[in-house]
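Colleague: Could you take me through a protein–DNA model, and tell me how each label is earned?

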2 protein chains.
Amino acid sequence: MAPTDDPAVEAWQLLWRLMQANKPRFMALAQEMGLAPMQLHALRLIEPGDGVPMSSLAGKLFCDNSNVTGIVDRLEAQGLVQRRPAEHDRRVKTLVITDTGTKLRGEVERRMSVPPPPLAGLSEEDAVALRDILSRALDV
Amino acid sequence: MAPTDDPAVEAWQLLWRLMQANKPRFMALAQEMGLAPMQLHALRLIEPGDGVPMSSLAGKLFCDNSNVTGIVDRLEAQGLVQRRPAEHDRRVKTLVITDTGTKLRGEVERRMSVPPPPLAGLSEEDAVALRDILSRALDV
DNA sequence: TATTGTTATACTCTATAACTATA
DNA sequence: TATAGTTATAGAGTATAACAATA
């Protein structure tokens, strides 16, 4: 680790390392589910019930609308989501997750919610402290 | 946040949210530097001085060797790194960062080391605790 | 006029398989 | 035979600009 005495900087470096270490796990899950990484990200953002406008999904994925068209095309081709015209504004298309999509998404959420080994190995006391600090950081 | 009483699970969800929130900052930095995201990642992994074998870089980027060929092609075309045959094994090519690359990488490191707003806003006490907990988690 | 989503285009990233040059 | 890197190929993600439908 680069030498610094700022605890926030050091925490940030460690956090980055932790997320890097988790990457293979995420990639393996995507492959197992038969989804490309971005498709997996997108599926997680389409909760059962509410219809998500395409542009809203683009915002959450930090990419362009034109990009979402292709991602949703592929999810739709796999029968995981459906495009549906919005009632209030016929320019808008909302995304609704299908039953198949809901099942797959549930499994994804279950697997992704499992903390990676470094976190799972923390003492109860550390885990609680970590959760509380992050809650304060994110103001939730 | 999904309802759970496991502090490690909740910490993990918060961590994920924190990293998601940081994504636009990373993308903006990459764009500002004139590098595609993977090129930026790769450049960070090539420290001045030591020659990194291509396959080693592939491992760190969690992608295939054939993939690294293109990424390094583009970094080399921009004069940021150089391929150099390894002495001990002439099949291996090591990557050496150029002076231009070193300058750009230094600026990237400076910018990336700045903690994102949620972390920067923590109290000194919380920041220290967070650093210490993550150090224990990652065993460093 | 402005906005949503699509299309066209060009480029980057990705893995697999076949190839080369070494070992 | 085995390994490091390249090439060829095909698919996926990316942004920009032009477009159609709607507001």
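Here is a short back-and-forth about the protein surface around each DNA strand.

Modeller: This is a predicted model, where local features need pLDDT of at least 70, side-chain atom pairs count only at pLDDT 80 or more, and totals for chains, interfaces and linings use all residues. Residues are numbered from 1 along each chain as its sequence is written, chains are lettered from A and ligands numbered from 1 in the order in which they are written, and side-chain values use heavy atoms, with hydrogens and water left out.

Colleague: What makes a residue one of the 22 around DNA strand C?

Modeller: A residue counts as near a strand if one of its heavy atoms lies within 4 Å of it. For DNA strand C, 22 residues are listed, and Met54(A), Ser55(A), Arg83(A), Ser66(B) and Arg74(B) come nearest. Of the atoms of DNA strand C within 4 Å of the protein, 74% belong to sugar and phosphate.

Colleague: Why is the pair between Arg74(B) and a phosphate oxygen of DNA strand C called a polar contact?

Modeller: A polar contact is a pair of N or O atoms within 3.5 Å (within protein, one must be able to donate a hydrogen and the other to accept it, and residues adjacent in sequence count only if both atoms are side-chain atoms). A side-chain N or O atom of Arg74(B) sits 2.7 Å from the phosphate oxygen, so the pair qualifies. Backbone atoms do it too: Lys93(A) has an N or O atom 3.0 Å from a phosphate oxygen of DNA strand C, and for Met54(A) the distance is 3.3 Å.

Colleague: Which helix gives the most to the surface near DNA strand C?

Modeller: That's H4(B), with four residues. Helices here are DSSP runs (H or I, at least four residues; strands are E, at least two), numbered from the N terminus.

Colleague: How do you know that Ser66(A) makes a polar contact with a base of DNA strand D?

Modeller: An N or O atom in the Ser66(A) side chain is 2.8 Å from a base oxygen of DNA strand D, so this pair passes as well. Phosphate oxygens of DNA strand D are met by polar backbone atoms of Met54(B), at 3.1 Å, and of Lys93(B), at 3.0 Å.

Colleague: And what surrounds DNA strand D?

Modeller: There are 21 residues, with Arg74(A), Met54(B), Ser55(B), Thr69(B) and Arg83(B) the closest. Sugar and phosphate make up 70% of the DNA strand D atoms within 4 Å of the protein. H4(A) supplies the largest share of that surface, four residues.
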